[in-house]
Amino acid sequence: MKDLTIDYALRATWQAVARMYNEEAKTFDLTMAIGFTLLSIDPKTGTPSTALGPKMGMEATSLSRILKSIEERGYIERKPNPNDGRGVLIHLTKLGLEKRAISKEVVLRFNNVVKQHLTQEQLDQFFEVVETINKLIVEKKIYTKDKAN
């Protein structure tokens with residue numbers, strides 16, 4: 001992978017991870033997107049629907065489709081937000097909590113197996129690189145009008 005561009009390596013790796021997660025999720029009647037959504041909902045207090053999109057980095061329309069799908073499957077229920085009369089809290093049902101636990105186990109297994117094959121120094125370097133890339137993007141230091149970086 002040394003001759004590849006950074007963005008290609010990131011994209012190819014993420015696509016492989018997403019494929020792996022979706023294959024595993026299928027065995028539990030889930031998808032990666034559903035698992036990620038279930039993991040983003042507070043299992044005790046629920047999560048305001050308006051907070052889920054930003055928390056997950058998703059557009060409202062994509063999130064609405066996923067929420068509709070998982071509500072139809074019986075994984076979540078919507079309840080009025082007692083602190084905001086106009087708001088809605090997304091709560092996990094008993095089945096949703098079970099599917100969330102499965103999703104969490106799948107993610108933790110991935111993390112544990114990867115960690116078994118890397119040194120702490122390699123992991124630290126990986127997270128440092130990812131943090132730097134994110135910082136450059138957030139601070140708009142890659143594509144600016146003056147291109148003076």
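**Notes on the fold, its contacts and its surface**

1. V114 has its place in helix α5 (helices are DSSP runs of H or I with at least four residues, strands are DSSP runs of E with at least two, and both are numbered from the N terminus). Before we go on, please keep in mind that this is a predicted model: local features need pLDDT of at least 70, side-chain atom pairs count only at pLDDT 80 or more, and totals for chains, interfaces and linings use all residues. Residues are numbered from 1 along each chain as its sequence is written, and side-chain values use heavy atoms, leaving out hydrogens and water.

2. Back to V114, which is partly exposed with a relative accessible area of 31% (buried is under 20%, exposed is over 50%, and partly exposed is in between, with a 1.4 Å probe and protein chains only). Try finding N22 as well: V114 and N22 are 92 residues apart in sequence, and their C-alpha atoms are 18 Å apart in space.

3. Now look inside, at L52 in helix α3. L52 is buried, at 0% relative accessibility. What touches this residue? Leaving aside neighbours within four places in sequence, L52 is in contact with S40, I41, T47, L63, L67 and I90 (contact means heavy atoms within 4.5 Å). For a sense of distance, T27 is 25 residues from L52 along the chain, and the two C-alpha atoms are separated by 26 Å.

4. Helix α2 is a good place to practise spotting buried residues, which here are I34, G35, T37, L38 and S40. Their cover includes β1 (47–48), α3 (49–56), α4, β2, β3 and α5.

5. T93 sits in the loop between β3 (84–92) and α5 (94–116). With a relative accessible area of 16%, T93 is buried. Apart from neighbours within four places in sequence, the contacts of T93 are G74, Y75, I76 and E77.

6. E77 turns up again in a salt bridge, where its side chain meets that of K79 at 3.5 Å, N to O (a salt bridge is a side-chain nitrogen of Lys or Arg within 4 Å of a carboxyl oxygen of Asp or Glu). Both partners are partly exposed: E77 has 34% relative accessibility, and K79 has a relative accessible area of 36%. How many salt bridges does a search of the whole structure find? The search finds seven.

7. One more salt bridge joins the side chains of R11 and D7, at 3.2 Å from N to O. Both residues belong to helix α1 (residues 6–26) and are four residues apart, which is about one turn of the helix. R11 is partly exposed at 41%, and D7 is partly exposed at 45%.

8. The side chains of D29 and R73 also meet in a salt bridge, at 3.7 Å from N to O. D29 lies in the loop between α1 and α2 (32–40), and R73 in the loop between α4 (60–72) and β2 (76–81), so this pair ties together parts that are 44 residues apart in sequence. D29 is partly exposed at 48% relative accessibility, as is R73, with a relative accessible area of 32%.

9. The backbone of D29 deserves a look too. Most residues other than glycine have a negative phi. D29 is not a glycine, yet has a positive phi of about 60°. K140, in the segment after α6, is also a residue other than glycine with a positive phi, near 55°. K140 is exposed, with a relative accessible area of 58%.

10. Finally, the surface. L136, I137, I142 and Y143 form a nonpolar patch, together having about 420 Å² of accessible area. (Patch residues have over 30% relative accessible area and no salt bridge; like charges are joined within 9 Å, and nonpolar side chains, meaning Val, Leu, Ile, Met, Phe, Trp and Tyr, within 5 Å. Areas come from the Shrake-Rupley method with a 1.4 Å probe, and for residues only the protein chains shown count as cover.) I142 lies in the segment after α6 (120–138) and is partly exposed at 37% relative accessibility.

11. There is a negative patch as well, formed by E121, D124, E128 and E131 (Asp and Glu count as negative, Lys and Arg as positive, while His and the chain ends are not counted; the charge is placed at NZ of Lys, CZ of Arg, CG of Asp or CD of Glu). Within this patch, E121 belongs to helix α6 and is exposed, with a relative accessible area of 54%.
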